[in-house]
Amino acid sequence: MEAHQNIDLPQGSIEKKTTTLNLGPTHPATHGVFQNIMEIDGERVVSTEQSVGFIHRAFEKLAERRNLYQITPITDRLNYCSSPINNMGWHITCERFLNVETPKRVDYLRVIIMELARISDHLICNSIVGVDTGAYTGFLYVMQYRELIYEIYEEVCGSRLTTNIGRIGGFERNFSNTAFVKLEKFLNEYPKVLKEFENLFTRNRIFMERTQGTGGISAARAMNYGFTGPNLRAAGVDYDVRVANPYSSYQDFDFTVPIGSTGDNYDRFLVRNAEMWQSISIIKQAYEKVQSFKGADAEIFHADVPAYYLPKKEDVYNNMEALIWHFKIIMGEVDLPKGQIYSAVEGGNGELGFYLVSDGGRTPFRLHFRRPCFIYYQAYPELITGGMLSDAVVTMSSLNLIAGELDA
Amino acid sequence: MALSNNTIEEKLVEKFGDQVSAFSTASGILSFESPAPINLKVIQFLYDELGFTFLTDLCGVNYPDQKGAEIVVVYHLHNFIENVRIRFSVAVPVEKPDVFTASKLFESANWMERETYDFFGVNFIGHANLKRILNVDEMDYFPLRKEFPLEDQTRIDKDDEMFGRG
């Protein structure tokens, strides 16, 4: 002890057994704005404290002054790896609240877009797990198919990342032929690429040793922590909103819900991969169903909701009635019914819920987003304590945390 | 036997009598209220007896016109086995927004309660770490309460150049 007295170091820096490490908020290994103040003993994590909220934008407060359509762009910015699911989840919530029945063709078109979004979401997550375990190739290789998915979005709605896709009751316009051509290209080429991606990782010894047995959680703990989506299914609970509370005619499709057993990083990876295969199969089924509509039925792309569905632009310019409705909808002059609703969809990383309370005004009285990763990120200390620091990084990316959604 | 909303309602009334009230069903979800002091008893009953073992969502709502019950805490619970959802709410006065914490039963309630505290100032009694989560620690108000309006959109005292509108 005496020998150290004359060394001028900050107090505690020598005698202390553990080191404090400040990981984030802007760190290349966190893939988003997450801060963790970790206590590490050598390379082992002793404890960690997360801090979140770095990109909090007060969406719930903003939503209280916006009409329904002005809220759609807000939902884009929740889980921005799968914006169309958020947009459609919000529109489906509004439709349920306003008792709007959507035609089957609209449901199937939505399913195509939502499953594409799920693939692009899982693709990012799984390939980033690869990057964090030292395999960059997979990530770069699959990017071109995410690009193709974004091109399909672009063809349907005009934008790529923050899509603002669709309307209450359906889509803003029918899918163009180019969209279907691109979709066919995707369906033809992507399975081979996914197979190759799996060949790179699934039985790769380095990858398996890095991911198996790290970041695991039991089914009971996962449920207690409010896990949903692939993370819960990896722990062995077969809960999927698409099956439990079908929306957008998911009951018409034949698909399985893949589950894991140990809830570790490897199982999460496998579940996401298996879900991508299921998504491909769902898209194929949906595309077949869409093609079976002939004649006038093949032109249906929205429900008949004049109070919420914007009239055609050429009518707005030439027709008084349409102009009035256009104005009323854009200015949000249509009052909502009174009441409240909770409606959920299966987002890219879990159950994305919308709790809407209306007092009969033109904007929601209160809108709460149930953001899946805000809830399951709480389990992070439990997942990584006792493990290696490098595994903590892999665990963070395999949880599919999206800062925009977490911080709302 | 499927767990219907009527069965749930009967069992709750049988157990808690007139302390549970305002039963209604909208979009297939049964919702009801209880006084704030028995919220944990109700949640524990739902958990143990009726299988609502998953806390889907917990959030606050502010009704400034309901005197003595301005702040409402809403729980959404889910029974995975029967696939039934339920909504349960407790109301507290804004001067003394005390609600018992559900974080001992559900780990997931921990941050959701912190969020509700952050935005509505609900004091969750027994919570181990009740501090702000999304807003800065120095904030001295609860922004989702209705008494804090959003900025006036017609204000003209801002420098347009600073907001990309110059």
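Colleague: What is the mean pLDDT of chain B in this predicted model?
Modeller: The model is predicted, and 98% of the residues of chain B reach a pLDDT of 70 or more. Averaged over chain B, the pLDDT is 90.

Colleague: Which element of chain B has the highest mean pLDDT?
Modeller: The lowest mean among the elements of chain B, 89, belongs to strand E1 (residues 21–26) of chain B. The highest is 95, and the element that has this mean is strand E4 (residues 71–79) of chain B.

Colleague: What ipTM does the predictor give the complex?
Modeller: Two scores are given for the complex. The pTM is 0.92, and the ipTM is 0.91.

Colleague: How many residues of chain B are in contact with chain A?
Modeller: Chain A brings 29 residues to this contact. By class, that side of chain A has 12 nonpolar, nine polar and eight charged residues. On the other side, the number of chain B residues in contact is 26.

Colleague: Which strands of chain A give two or more residues to the side that touches chain B?
Modeller: Helices that do so include helix H1 (59–63), helix H8 (219–224) and helix H14 (372–376) of chain A. The strands of chain A that do so are E4 (338–346), E5 (351–359) and E6 (366–370).

Colleague: Which strands stand at the edges of the sheet in chain A?
Modeller: The sheet is open, with three strands in the order E4-E5-E6 (chain A) and antiparallel pairing. Each edge strand has a single partner strand, so one side of it is left without a neighbour in the sheet. The edge strands are E4 and E6 of chain A.

Colleague: Which residue in E5(A) is the bridge partner of Ser343(A)?
Modeller: E4(A) and E5(A) pair in the antiparallel sense over nine bridges. For Ser343(A), the bridge partner in E5(A) is Phe354(A).

Colleague: Which helix lies across E4 and E5 of chain A?
Modeller: The helix covers residues 83–98 of chain A and runs at about 145 degrees to E4(A). This is helix H3 of chain A.

Colleague: Are H6(A) and H11(A) roughly parallel or roughly antiparallel to each other?
Modeller: The axes of helix H6 (residues 177–201) and helix H11 (residues 265–291) of chain A come within 11 Å and cross at roughly 165 degrees. Angles over 145 degrees count as roughly antiparallel. Therefore H6(A) and H11(A) are roughly antiparallel.

Colleague: How many nonpolar residues has the contact of H6(A) with H11(A)?
Modeller: Among the residues that meet are Leu183(A) and Leu187(A) in H6(A), and Met276(A) and Ile280(A) in H11(A). The contact has one polar and two charged residues. Its nonpolar residues number nine.

Terms used. Residues numbered from 1 in each chain as written. Chains lettered and ligands numbered in written order. Predicted model: local features only at pLDDT ≥ 70, side-chain atom pairs only at ≥ 80, totals over all residues. pLDDT = per-residue confidence, 0-100. Helix = DSSP H or I, 4+ residues; strand = E, 2+ residues; numbered from the N terminus. Contact = placed C-beta atoms within 7 Å. Nonpolar A, V, L, I, M, F, W, Y, C, P; charged D, E, K, R; others polar. Axes fitted to C-alpha atoms, helices over the stretch in contact; angles between N-to-C directions. Parallel < 35°, antiparallel > 145°, perpendicular 65-115°, else oblique. Pairing = 2+ DSSP bridges.
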